[in-house]
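The following exercises concern a single protein model. Each task sentence is followed by a solution in steps.

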Amino acid sequence: MKVMIHKILALLMAFFMLVSTVSWTVEKHFCFGSLVDIAFFHEAETCGMDLGLVEEEVSSKNNSNTCCSDETILVEGQEDLSISYDDLSFGQQLFLVAFTSYYINLFQPREQHYVPHADYPPPILVRDIHILDQVFLI
């Protein structure tokens, strides 16, 4: 139970970290007061009614009485979370290099020692010679 709670909290913290560091953009396009399109991370598609002549666009920019309007919501993410190696002291850098090289070497295959008699079977014992000669280690 404790392990499951630990994993859930770790996933939640990772999710919150991702959400707080990503910049979010939400664009909405309204036509005659009703929502036509909503878009995340890119521009919202228009309804096609703002494709008038250049004079109408110039006059609509001067007048606030247009049929279409756009609304943009921008949430900036945090950018001060990055750690550079310039902030680490020499001892910390040395520890990181040593730890990384040791960790990588853990997964290197070890050498197999050569056993010269591995392909030959042991001799077949007909009788137990130690019992016959009554030789025992004391």
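**Exercise 1. The hairpin**

Determine how E1 and E2 are connected, and describe how the two strands pair.

*Solution.* The model is a predicted one.

Step 1. Two residues separate E1 from E2, and the two strands form a hairpin. In the turn, phenylalanine 32 has a positive phi of about 55°.

Step 2. Strand E1 covers residues 24-31 and strand E2 covers residues 34-40; they run antiparallel and are joined by six bridges.

Step 3. As an example of residues facing each other across the pair, histidine 29 stands opposite aspartate 37 in E2.

**Exercise 2. A residue of the third strand**

State in which strand isoleucine 73 lies, which residues it touches, and whether it is buried, partly exposed or exposed.

*Solution.*

Step 1. Isoleucine 73 belongs to strand E3, residues 68-75.

Step 2. When residues up to four places away in sequence are not counted, isoleucine 73 touches Trp24, Thr25, Val26 and Lys28.

Step 3. Threonine 25 is 48 residues away from isoleucine 73 along the chain, yet their C-alpha atoms are separated by 5.8 Å.

Step 4. The relative accessible area of isoleucine 73 is 35%. Buried requires a value under 20% and exposed a value over 50%; isoleucine 73 is therefore partly exposed.

**Exercise 3. Aromatic rings in a helix**

Classify the ring pair of phenylalanine 95 and phenylalanine 99, and then that of phenylalanine 99 and tyrosine 103.

*Solution.*

Step 1. A pair of aromatic rings is described by two quantities, the distance of the centres and the angle of the planes.

Step 2. The count of aromatic pairs comes to four. In one of them, phenylalanine 95 and phenylalanine 99 have their ring centres 6.0 Å apart, with 20° between the planes, and the pair is stacked.

Step 3. Both residues lie in helix H3 (residues 90-105), four residues apart, which corresponds to about one turn of the helix.

Step 4. For phenylalanine 99 and tyrosine 103, the centres are 6.2 Å apart and the planes are at 20°. Planes under 30 degrees apart count as stacked, so this pair is stacked. Phenylalanine 99 and tyrosine 103 are separated by about one helical turn because they are four residues apart in helix H3.

Step 5. Phenylalanine 95 is exposed, at 53% relative accessible area, whereas phenylalanine 99 is partly exposed at 47% and tyrosine 103 is partly exposed at 44%.

Step 6. Ring pairs link Phe95, Phe99, Tyr103 and Phe107 into a cluster.

Terms used: Residues are numbered from 1 along each chain as its sequence is written. This is a predicted model: local features need pLDDT of at least 70, side-chain atom pairs count only at pLDDT 80 or more; totals for chains, interfaces and linings use all residues. Side-chain values use heavy atoms; hydrogens and water are left out. Two strands pair if DSSP finds at least two bridges between them. Buried means under 20% relative accessible area, exposed over 50%, partly exposed in between (1.4 Å probe, protein chains only). Contact means heavy atoms within 4.5 Å. Rings of Phe, Tyr and Trp (its six-membered ring) pair if their centres lie within 6.5 Å; planes under 30 degrees apart count as stacked, over 60 as edge-to-face and the rest as tilted.
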